[in-house]
Amino acid sequence: MSLRVSRRNFVAGGATLLSLSALGTSALAQETRLRLLWWGSQPRADRTNKVSQLYQTKNAGTSITGEFLGWGDYWPRLATQVAGRNAPDIIQMDYRYIVQYARRGALAPLESYMPAKLNLDDFDKAQVEGGSVDGHLYGVSLGANSAATVLNTTAFKEAGVDLPTQATTWEEFGRMGAEITKAGKRKGMFGIADGSGGEPLFENWLRQRGKGLYTADGKIAFDVDDASEWYDMWAKFREAGACVPADVQALDKNDIETNTVSLGKSAAGFAHSNQFVAYQAMSKDKLALTNYMRIKADSKGGHYRKPSMFFSVSAQSKSVEQAVDYVNFFVKNPEAAVLLDVERGIPESAAMREVVAAKLDENGKVALAYVSGLGDLAGKLPPPPPAGAGEGELMLRNIAEQVGFGQLSPADGGKQLVTEITQILARG
Amino acid sequence: MSNAMRTPAGAISVESYQGAVAEGRFRRLWNANAPGYLFLLPWLIGFFGLTLGPALISLYLSFTDFDMIQSPRWVGAANYVRIATADPKFSAAMHVTLTYVVLSVPFKLTFALLVAMALNRGLRGLPIYRAIFYLPSLLGGSVAIAVLWRQLFASDGLINAALAQIGIEGPSWISHPNYSIYTLVALSVWQFGSPMIIFLAGLRQIPQDMYEAASLDGASKFRQFYKITLPLLTPVIFFNAVVQTIDAFKAFTPAFIISGGTGGPINSTLFYTLYLYQEAFGNFRMGYASALAWILVVIIAIFTAFSFLTSRYWVHYDD
């Protein structure tokens with residue numbers, strides 16, 4: 001048996017294919033296609049796609065293809081696409097990764113489009129600065145958020161414990177937690193989540209001591225004493241039953257669904273303000289937002305308003321200008337702002353903030369009020385974290401677990417954290 | 001071919017004559033086999049393009065520093081040296097993976113064999129039972145099952161609810177560093193379907209008259225199993241053991257889902273492949289991850305070679 005394709009048929013078939021592909025290219029030539037990639041859940045996707053549709057109706061000849069993944073899958077996908085010279089035109093970017101991507105030449109500098117194409121005049125200056133690396137603008141902030149404590153107010157009330165205020169210290173908060181656990185109104189519920197492995201918490205606590213996680217030149221910005229005291233504070237909470245035991249905390253996969261507040265295992269937990277709407281949606285109880293506690297009554301500046309995420313434009317994009325136009329539309333168009341709400345954080349543009357504030361629902365208002373009411377608790381934006389910060393975060397959690405499960409003393413834990421992070425940073 | 005035959009031998013050199021003959025033979029073989037190759041083409045493209053090509057590229061990358069954005073930079077054997085001398089996470093991951101392999105493979109095979117023997121008694125509706133028992137293997141690698149496992153073995157999971165009935169207050173098995181690996185071993189044993197099907201087929205190959213003769217001679221059931229079933233089943237056991245060992249070394253999904261990609265608590269579920277994934281896609285060290293991958297290839301190859309070398313002492317082939 002043999003398969004035979006006559007030369008004539010082959011040529012005819014090939015010609016047909018060629019003409020078909022020519023049709024394809026001529027259609028392409030007429031419209032600009034932009035690809036957009038972001039991480040997030042379905043509600044965020046719905047909002048984003050609506051904005052893209054709105055943009056397309058106002059800009060005939062531009063089509064936008066959006067694609068989204070969960071946080072964990074997002075970074076492998078983006079790295080693979082960038083390595084394969086197949087990066088999306090518009091990339092949702094995080095404060096943690098913007099330096100890495102910008103320094104490696106994967107992102108297009110945007111300052112030359114300002115202000116004609118990209119108008120960030122009514123943005124908070126510090127937040128614009130947050131998207132800059134080495135003097136070039138690589139990301140436009142899509143909203144501001146801040147780290148926050150989530151409180152299950154119903155559980156606090158049942159236990160007869162008052163809610164913490166902006167003046168509450170960690171020590172007092174620990175006593176509240178122990179009281180809630182002791183009250184035992186709900187089976188398996190403890191006072192507070194074990195935050196010893198949470199990077200935003202540790203950072204906030206360090207900032208109140210006048211330190212930080214990393215310096216601007218990518219070195220470690222805290223010492224053994226800081227880390228040991230931190231682990232020690234949580235060890236005491238654990239002992240007093242103020243926070244959940246280590247094996248319960250280890251169920252937390254660092255997402256909304258497995259947070260101990262969502263699982264009903266603690267009355268207080270730790271999150272970011274823009275996630276409040278999603279937290280409330282997961283809980284039957286009434287939730288509230290408050291700040292991270294103070295170390296002493298007069299310690300301040302632990303919090304900061306953080307660009308929750310950016311839009312960056314790929315350096316590989318064939319239509320950078322069009323992509324910039326889309327980004328500008330995304331952050332400056334009132335209709336888009338209403339569609340987006342505060343799901344990506346509080347809008348950075350003063351005008352858009354007004355538009356959104358007028359239409360917010362109750363949960364949205366909680367997040368807005370929280371971020372704008374931080375007062376002296378908020379300080380300056382820290383420098384963007386260096387490469388290796390992701391590993392450092394895992395290490396903080398790993399050692400917190402070793403202390404939590406009693407395999408390390410808080411003092412040794414502190415020593416080990418500093419040694420390990422120094423090594424990670426040296427390796428880059 | 002026919003042209004070469006007509007040319008006088010003296011007119012051309014011996015080499016080119018032989019070359020022409022070889023070329024002719026090649027052409028004849030090609031003509032005969034071309035359709036076959038044509039049909040193989042999809043597989044050949046897949047093998048060279050998607051398996052062999054990337055494997056060779058990863059071998060090259062294992063000698064480089066590659067962050068996926070900038071071009072790879074040649075660093076010689078530095079990655080391998082670091083793995084061998086200065087990487088505590090490598091030894092942690094190796095320890096977890098070996099524990100997993102050593103526990104899960106024997107338990108899974110034993111369990112699969114027991115179920116296969118139970119099903120081999122001429123049950124009515126055997127295909128249905130077979131399908132039901134096979135089901136976990138189809139679902140096993142999936143995200144949903146890993147999530148189910150969290151529900152079973154969490155602090156307020158089903159297992160602890162059962163233990164509470166007899167007055168035991170269990171820990172959160174899946175998130176406790178002392179127990180988490182065993183919950184993953186249990187998950188693997190539960191997916192006994194595919195070795196079971198193969199055992200079942202093997203059991204059916206054993207001639208019934210051997211058992212009849214043995215019972216006439218008064219051999220007990222246990223003795224029959226030990227003297228007839230096991231020896232005649234050794235080729236199937238060998239096959240299953242090799243396949244399951246390789247699979248166990250490559251396990252990834254359960255640990256990834258259950259620990260949220262961290263390998264925690266305290267690296268207790270840091271499977272080798274999970275560590276490799278973290279290095280590649282979490283820390284953008286594609287070169288280092290490639291070196292880790294090649295070390296895994298070598299380890300699996302050594303294990304497999306060892307199995308084959310020892311097999312002649314215990315595997316019984318009929319012919």
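With which residues is Leu78(A) in contact, leaving aside its neighbours within four places in sequence? In this predicted model, the partners of Leu78(A) beyond that stretch are Leu37(A), Pro88(A), Ile91(A), Met93(A) and Tyr101(A). Leu78(A), Met93(A) and Tyr101(A) also appear, together with Tyr326(A), Phe199(B) and Phe271(B), among the residues with the most contacts inside the largest nonpolar core, which has 123 residues. The greatest contribution to this core comes from helix α4 of chain B (residues 88-119), which gives 13 residues. Apart from this core lies another, of 46 residues, including Ile180(A), Ala227(A), Tyr231(A) and Met395(A). In soluble globular proteins, nonpolar side chains tend to be buried together.

Chain A also contains an open sheet of four strands, arranged in the order β9-β10-β8-β11 with mixed pairing. Because β9 (190-192) and β11 (287-290) of chain A stand at the edges and each has a single partner strand, one side of each is left without a neighbour in the sheet. On average, and with direction ignored, neighbouring strands of this sheet are turned by 30° against each other. The partner of β11(A) is examined next. Strand β8 of chain A (residues 147-152) pairs with β11(A) in the antiparallel sense over four bridges, and within these strands Asn152(A) stands opposite Leu287(A) of β11(A). Helix α15 of chain A (residues 362-372) packs on the sheet, where it touches β8 and β11 of chain A, and its direction makes about 15° with that of β11(A).

Charged side chains add further links, with 28 salt bridges over all chains. One of them joins Arg305(A) and Asp124(A) at 3.7 Å, N to O; since Arg305(A) lies in the loop between β11 and β12 (306-307) of chain A, and Asp124(A) in the loop between α4 (98-103) and α5 (125-129) of chain A, the pair ties together parts that are 181 residues apart in sequence. Arg305(A) is partly exposed at 23% relative accessibility, and Asp124(A) is likewise partly exposed, at 31%.

Another salt bridge, between Arg186(A) and Glu158(A), has an N to O distance of 2.9 Å. Here Arg186(A) lies in the loop between α7 (170-183) and β9 of chain A and Glu158(A) in helix α6 (residues 153-159) of chain A, so this pair ties together parts 28 residues apart in sequence.

Within helix α16 of chain A (residues 389-404), Arg397(A) and Glu401(A) lie four residues apart, about one turn of the helix, and form a salt bridge whose closest N and O atoms are 3.4 Å apart. Glu401(A) is buried, with a relative accessible area of 12%. Finally, salt bridges that share partners join Arg209(A), Lys211(A), Asp223(A), Asp226(A) and Glu229(A) into one network.

Technical notes
Residues numbered from 1 in each chain as written. Chains lettered and ligands numbered in written order. Predicted model: local features only at pLDDT ≥ 70, side-chain atom pairs only at ≥ 80, totals over all residues. Heavy atoms only, no water. Pairing = 2+ DSSP bridges. Helix = DSSP H or I, 4+ residues; strand = E, 2+ residues; numbered from the N terminus. Axes fitted to C-alpha atoms, helices over the stretch in contact; angles between N-to-C directions. Contact = heavy atoms within 4.5 Å. Core = buried A, V, L, I, M, F, W, Y, C linked by side-chain atoms within 4.5 Å. Buried < 20%, exposed > 50% of the residue type's maximum accessible area, 1.4 Å probe, protein only. Salt bridge = Lys/Arg side-chain N within 4 Å of Asp/Glu carboxyl O.
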